[in-house]
Amino acid sequence: MSTLQFTRTLPEDATGAALRTDVRTGLTASPKTLPPKWFYDARGSELFDEITTLPEYYPTRAEREILLTRADEIAAATGARTLIELGSGSSDKTRHLLDELGELKMYVPVDVSESALRQAGESLRAEHPALDVHALIADFTAPLTLPATPGPRLVAFLGGTLGNLLPAERAAFLSSVRALLSPGDTLLLGTDLVKDEGTLVAAYDDAAGVTARFNKNVLNVINRELGADFDPAAFDHVARWDREREWIEMRLRARADLSVKIPELELAVDFAAGEELRTEISAKFREGGVRTELQAAGLTPTHWWTDEAGRFALSLSRA
Ligand code: AVJ
């Protein structure tokens, strides 16, 4: 009989404490910044799901295309008996992989959202009755402790989320993933690729304005959680391509001089007209750069797959 288990490595109040720290640090800095993880409350996750269906937002479709066409090769190359997925969310894309991994005994989805893990866990167990599912409620950007699992293990980090980390954070993250792996274990990594500026900017500034609502939703999160009085309509959504650093930056630009009160932090934050708050970077990669970052973390790249149009890549590395 298979099992469904949950382990929480986050204290119940960890989210609140981390949000307070991030908001205080980010909004008293110059320039102002907020980490992108705070987009994803229930409403933000819903808006993100909507983004993945937009005509301009190609990464999700491109990655799904690779997973669909290469799942058999990934299965053959890894022989995985355990799949660990960091930032699993709804586990939607993973289903293609689970269907092909013939030796798979255990699936370990890791996410901060317990509700997403419960939903995904229940339905996966119904679809794969022999599979043990051990869900981890954890923040994958913090050091992880994994349950005992049968090897070889395949760690999957999909969606291009690596690109939401700054270069130094990426190096630390990849090293911590490397530290989880034993010889014979593998990492499957999704990375969005550098392409023309028009395509990139459109993907982060869609005509229907869904990404703008997603971006401004972080202000609603701070209002609700910290009692702040942000008026989302007082900010414009900005998506800009930084061609030197090869990343997209999402920002919120104050339309006028304004002041925001954040009672839970006993803090008032002033914005000058036109001042921009950075809410996300989304780095785009080249094959050589991904290879260099993987090798710097002690991993050995073995496979590189892109979609037909060459927009997005999945890479496989060995410990
Ligand atoms: C899929 C989480 C990596 O950077 O493309 C989508 C999130 N931000 N539109 C990305 C996102 C704006 C995203 N990740």
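In the predicted model, one set of positions that UniProt, in an unreviewed entry, annotates as "binding site" comprises G87, K93, D111, D139 and F140. Of these positions, D111 is placed in strand β3, which spans residues 106-111, and it counts as buried because 23 C-beta neighbours fall inside 10 Å, against a threshold of 20 or more. Apart from neighbours within four places in sequence, D111 is in contact with G87, S88, G89, A116 and L117, and G87 is itself among the positions of the annotation. F140, by contrast with the strand position of D111, is found in the loop between β4 and β5. F140 is also buried, with 22 other C-beta atoms within 10 Å, and, when residues up to four places away in sequence are not counted, it touches L86, G87 and V110. G87 thus appears in the contact list of D111 as well as in that of F140.

A further "binding site" feature, likewise from an unreviewed UniProt entry, is placed at Y57, N164, Y204, E280, I281 and S282. Y57 is found in the loop between α2 (42-51) and α3 (59-78), where it counts as partly exposed, with 19 C-beta neighbours inside 10 Å. Leaving aside neighbours within four places in sequence, the contacts of Y57 are I51, T52, A203 and D206. Y204 lies in the loop between α7 (197-203) and α8 (210-226) and is buried, with 23 other C-beta atoms within 10 Å. With the same exclusion of neighbours within four places in sequence, Y204 is in contact with T211, A239, I248, M250 and S282, the last of which belongs to the annotated set.

The residues around the ligand are I51, P59, G159, G160, T161, G163, N164, Y204, T211, E280 and S282. By class, this shell consists of three nonpolar, seven polar and one charged residues. N164, Y204, E280 and S282 occur both in the shell and in the annotation that includes Y57. I51, a contact of Y57, and T211, a contact of Y204, are likewise among the residues around the ligand.

At the level of the whole chain, nine helices and 13 strands are present. The C-alpha atoms fill a box of roughly 60 × 45 × 35 Å along the principal axes, and the radius of gyration of 20 Å agrees with the value near 20 Å that a compact globule of 319 residues would have. Of the 319 residues, 39% count as buried. Among contacts between residues at least 6 apart in sequence, 73% join residues at least 24 apart. An unreviewed UniProt entry lists residues 20-318 under "domain: Histidine-specific methyltransferase SAM-dependent"; this span is 36% helix and 26% strand, and its end C-alpha atoms lie 38 Å apart.

In soluble globular proteins, nonpolar side chains tend to be buried together. The largest nonpolar core of the model has 53 residues, and those with the most contacts inside it are L83, Y107, V110, V155, A156, F157 and L188. A second, separate core of 20 residues includes F39, V221, I222 and F230. Within the largest core, V110 is also one of the residues touched by F140, while V155, leaving aside its neighbours within four places in sequence, is in contact with I84, L86, V177, L180, L181 and L187.

Several features of the backbone were also noted. Most residues other than glycine have a negative phi, and most peptide bonds are trans. A cis peptide bond nevertheless joins S30 and P31, with omega about 0°, and P31 is found in the loop between α1 (14-27) and α2. Another cis peptide bond joins G151 and P152, with omega about -5°; P152 is found in the loop between β4 (132-137) and β5 (153-157), the loop that also holds F140.

Positive phi values occur at two glutamate residues, with phi near 55° at E246 and near 45° at E266. E246 is found in the loop between β7 (235-242) and β8 (247-254) and is partly exposed, with 16 other C-beta atoms within 10 Å. E266 is placed in the loop between β9 (258-262) and β10 (267-271), and it counts as exposed because 8 C-beta neighbours lie inside 10 Å, where 12 or fewer are required.

Technical notes
Residues are numbered from 1 along each chain as its sequence is written. This is a predicted model: local features need pLDDT of at least 70, side-chain atom pairs count only at pLDDT 80 or more; totals for chains, interfaces and linings use all residues. A residue is near a molecule or strand if its C-beta atom, placed from the backbone, lies within 6 Å of it. Ala, Val, Leu, Ile, Met, Phe, Trp, Tyr, Cys and Pro count as nonpolar, Asp, Glu, Lys and Arg as charged, and the others, Gly among them, as polar. UniProt positions are given in the numbering used here, feature names are shortened, and annotations may be inferred rather than shown by experiment. Helices (H or I, at least four residues) and strands (E, at least two) are DSSP runs, numbered from the N terminus. The radius of gyration is taken over C-alpha atoms; the globule rule is 2.2 Å times the number of residues to the power 0.38. Two residues are in contact if their C-beta atoms, placed from the backbone, lie within 7 Å. A nonpolar core is a set of buried Ala, Val, Leu, Ile, Met, Phe, Trp, Tyr and Cys residues joined through C-beta atoms within 7 Å.
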